Amino acid sequence: MNGGGVEGEEKGGVRGGEMEAAAAAAAVSLEALRERMADFARERDWEQFHSPRNLLLALVGEVGELSEIFQWKGEVPKGLPGWDEAEKEHLGEELADVLLYLVRLSDMCGVDLGKAALRKMEINARKYPVGQCKGSSKKHTHYGSTNSVSTDNNVNKEHNNGV
């Protein structure tokens, strides 16, 4: 990430708390990330750059960087067999960039990301009942109108696999 970004401290030269951060990582919450991201931006006077549009464009850029890791590798099995530790670490950094921008974007838009995610999972559970869609990657509209949950104008734009 470049100027005005929300990237983690690793590029800012702060590595002293790595051990503590690793221990705390297992218990990290979206709220804790939101607070740390807000502090991180405020300390650097980067809030002025963190409009929803700018954050969304930065998020898309980070998703592109994440995609590059998988580009040309073909189908990659679960657990990433054959990947070395450097590749996995790079993947973790790009995944973190995506998460951090998403958390910051949701904060700047006033969306409680945790609540929104749980609500979306409930909607998807109704759209994709286990008895009808287990083992299938078909879109919810394939299963008939009884499973269609219209919560907004974007429902028909959604794709299969629960999103």
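Buried, in these legends, means under 20% relative accessible area. The model shown is a predicted one.

**View 1. The whole chain is an all-helix affair, with six helices and zero strands.**
Starting at the N terminus, the elements simply read α-α-α-α-α-α. Of the 163 residues in the protein, 25% are buried. Among contacts with a separation of 6 or more, 62% join residues 24 or more positions apart. The accessible surface adds up to about 11,100 Å², and carbon and sulfur atoms own 56% of that.

**View 2. Helix α3 (52-70) puts its buried residues on one face.**
The buried set here is Leu55, Leu59, Glu62, Leu66 and Ile69. Look down the axis of α3 and these residues fall within an arc of 65°, so they line one face of the helix. The general logic is familiar: with 3.6 residues a turn, residues three or four places apart on an α-helix point the same way. Note that Glu62 sits on the buried list along with the leucines and Ile69. Flip to the other side of α3 and you meet Arg53 and Glu68, both exposed. As for length, α3 has 19 residues and runs 27 Å from its first C-alpha to its last, close to the 27 Å expected at 1.5 Å a residue.

**View 3. The buried residues of α3 pack against α4, and the largest nonpolar core draws on both helices.**
This core has 11 residues in all: Leu55, Leu59, Leu66, Ile69, Val76, Leu80, Trp83, Leu91, Val98, Tyr101 and Leu105. At least two of them come from α3, and at least two from α4. For a feel of the packing, zoom in on Leu59: setting aside its neighbours within four places in sequence, Leu59 is in contact with Val98, Tyr101, Leu102 and Leu105.

**View 4. Helix α2 (residues 30-43) also packs its buried residues against α4 (85-109).**
Leu33, Met37, Ala38, Phe40 and Ala41 are the buried residues of α2. Down the axis of α2 they fall within an arc of 160°, so they too line one face of the helix. The face turned away from that buried side carries the exposed residues Arg36 and Glu43. The 14 residues of α2 should span 20 Å at 1.5 Å a residue, and its end C-alpha atoms are indeed 20 Å apart.

**View 5. Two loop residues, Asp45 and Trp72, have a positive phi.**
As background, most residues other than glycine have a negative phi. Asp45 follows α2 and is found in the loop between α2 and α3. Its phi is about 55°, although Asp45 is not a glycine. At 49% relative accessibility, Asp45 counts as partly exposed, because exposed needs over 50%. Trp72 comes just after α3, in the loop between α3 and α4. Here phi is near 70°, again in a residue other than glycine. With a relative accessible area of 79%, Trp72 is exposed.

**View 6. Cys109 is partly exposed, while Cys133 is buried.**
Cys109 has a relative accessible area of 44%. Cys133 comes in at 11%, so it counts as buried. Don't look for a bridge in this view: the count of disulfides is zero, taking a disulfide as a pair of cysteine sulfur atoms within 2.5 Å.

Key. Residues numbered from 1 in each chain as written. Predicted model: local features only at pLDDT ≥ 70, side-chain atom pairs only at ≥ 80, totals over all residues. Heavy atoms only, no water. Helix = DSSP H or I, 4+ residues; strand = E, 2+ residues; numbered from the N terminus. Buried < 20%, exposed > 50% of the residue type's maximum accessible area, 1.4 Å probe, protein only. Contact = heavy atoms within 4.5 Å. Areas by Shrake-Rupley, 256 points an atom, 1.4 Å probe, with all protein chains shown as cover. Expected span 1.5 Å × (residues − 1). Arc of directions from axis to C-beta. Core = buried A, V, L, I, M, F, W, Y, C linked by side-chain atoms within 4.5 Å.
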